[in-house]
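Subject: Structure handover

Hi,

Here is the structure I promised to pass on to you. Please have a look at it first, and then read my notes underneath.

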Amino acid sequence: MNSYDDYLTFALGKGRLSNKTMELFEKIGISCEEMKDPSSRKLIFTSEDTKTRFFLSKGPDVPTYVEYGAADIGVVGRDTILEENRNVYEILDLGFGKCRMCVCGPESASEKLLHHERIRVASKYPVIAKEYFNNKKNQTVDIIKLNGSVELGPIVGLADVIVDIVETGSTLRENGLTVLEEICPLSARMIVNPVSMQLKGDRIRELVIKLKELL
Ligand code: PRP
């Protein structure tokens with residue numbers, strides 16, 4: 001399989017993101033019945049009517065598939081796009097999955113941030129954390145990569161603060177933490193392979209126009 005064929009191939013982040021994306025696509029006439037079976041373990045789906053193909057991958061792998069042209073288009077959170085830093089075009093904000101990337105911690109850590117102390121920062125997003133502290137704030141920090149439940153970091157004394165996604169804020173509240181600084185807003189974005197943009201530009205532009213009308 002290679003994506004430089006008649007099909008428009010989409011890589012979608014597995015889970016909530018792919019469900020939301022397919023809801024949206026259905027409204028503009030792109031649907032894939034096979035994908036609706038919740039018990040299915042299948043990872044790739046083809047719709048012959050619309051000449052589209054969808055595959056489901058882990059979120060952080062979506063920009064990789066798109067950069068290498070295995071998928072023409074990807075749908076993934078802006079957090080992942082910033083963290084993976086791949087050679088892809090970001091062409092559309094899909095508006096769902098809205099949240100914020102923030103520096104969070106106990107209230108007591110705000111002094112350390114203010115005085116640019118050398119603090120420890122735990123995050124699932126070491127690239128974003130490094131870019132923010134080193135380049136934007138000019139603050140030298142030690143970054144510790146974690147893979148989830150990052151809020152534990154400051155609680156168990158691993159780190160002073162975390163860089164993480166905040167949606168409703170309830171995870172922070174329930175763990176006695178708070179937003180100390182906001183890094184950037186996030187939401188689901190559509191990304192495109194640069195060669196696909198050349199070769200399949202008309203189809204991609206038509207898709208974007210339809211989605212924009214809907215949004
Ligand atoms: C994300 C994020 C926060 C939480 C924020 O974690 O890392 O922990 O959601 O949401 P809230 O502000 O609405 O509470 P996720 O559920 O993806 O799991 P993870 O901790 O394993 O990354």
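The chain folds into nine helices and eleven strands. Please keep in mind that this is a predicted model. The chain has 215 residues, and 46% of them count as buried. Measured out along the principal axes, its C-alpha trace spans about 60 × 35 × 30 Å.**The ligand site**

I started with the ligand, which sits in the largest pocket. Two elements each give two or more residues to the shell around it: β9 (161-166) and α7 (170-174). The largest share comes from β9, with three residues.

Which residues are around the ligand? Going along the chain, they are K124, G148, S149, E151, D164, I165, V166, E167, T168, G169, S170 and T171. Sorted by class, this shell holds two nonpolar, six polar and four charged residues.

Three short distances to ligand oxygen atoms may interest you:

- K124: a polar side-chain atom lies 2.6 Å from an oxygen atom of the ligand.
- E167: here a backbone N or O atom is 2.8 Å from an oxygen atom of the ligand.
- T171: a polar side-chain atom is found 2.4 Å from an oxygen atom of the ligand.

As for how much of the ligand is covered, it exposes 490 Å² when taken alone, and the protein buries 67% of that.

**Two residues with positive phi**

One residue of the ligand shell, S149, also turned up in a look at the backbone. Its phi is near 45°, a positive value in a residue other than glycine. S149 belongs to the loop between β8 and α6 (152-155). Is S149 buried or exposed? Its relative accessibility is 54%, so S149 counts as exposed.

N138 also has a positive phi without being a glycine, in this case near 55°. You will find N138 in the loop that runs between α5 (126-136) and β8 (142-145). With a relative accessibility of 65%, N138 counts as exposed.

**A buried aspartate**

D72 is another residue to look at, in the loop between α2 (62-67) and β4 (73-77). Why does D72 count as buried? The cut-off for buried is under 20% relative accessible area, and D72 counts as buried because its value is 0%. What does its side chain contact? The side chain of D72 makes a polar contact with the side chain of K200, at 3.0 Å.

**Before the first strand**

Finally, Y7 is placed in the segment before β1 (8-13). Its relative accessible area is 14%, so Y7 is buried as well. How far apart are Y7 and T46 in sequence and in space? They are separated by 39 residues in sequence, while their C-alpha atoms are 8.9 Å apart in space.

If you open the model with the ligand in view, I would begin with K124, E167 and T171, each of which has an atom within the distances listed above from a ligand oxygen atom. From there you can move on to S149 in its loop between β8 and α6, and then to the pair formed by D72 and K200.

Best wishes

Definitions and conventions:
Residues are numbered from 1 along each chain as its sequence is written. This is a predicted model: local features need pLDDT of at least 70, side-chain atom pairs count only at pLDDT 80 or more; totals for chains, interfaces and linings use all residues. Side-chain values use heavy atoms; hydrogens and water are left out. A residue is near a molecule or strand if one of its heavy atoms lies within 4 Å of it. A polar contact is a pair of N or O atoms within 3.5 Å; within protein, one must be able to donate a hydrogen and the other to accept it, and residues adjacent in sequence count only if both atoms are side-chain atoms. Accessible areas come from the Shrake-Rupley method with a 1.4 Å probe; for residues, only the protein chains shown count as cover. On a 1 Å grid over the protein atoms alone, a cavity is a set of points where a 1.4 Å probe fits but cannot get out, and a pocket is an open set with protein on both sides within 12 Å along at least five of seven lines; lining residues have an atom within 4 Å of a point. A molecule sits in a cavity or pocket if more than half of its atoms lie within 2 Å of its grid points. Helices (H or I, at least four residues) and strands (E, at least two) are DSSP runs, numbered from the N terminus. Ala, Val, Leu, Ile, Met, Phe, Trp, Tyr, Cys and Pro count as nonpolar, Asp, Glu, Lys and Arg as charged, and the others, Gly among them, as polar. Buried means under 20% relative accessible area, exposed over 50%, partly exposed in between (1.4 Å probe, protein chains only).
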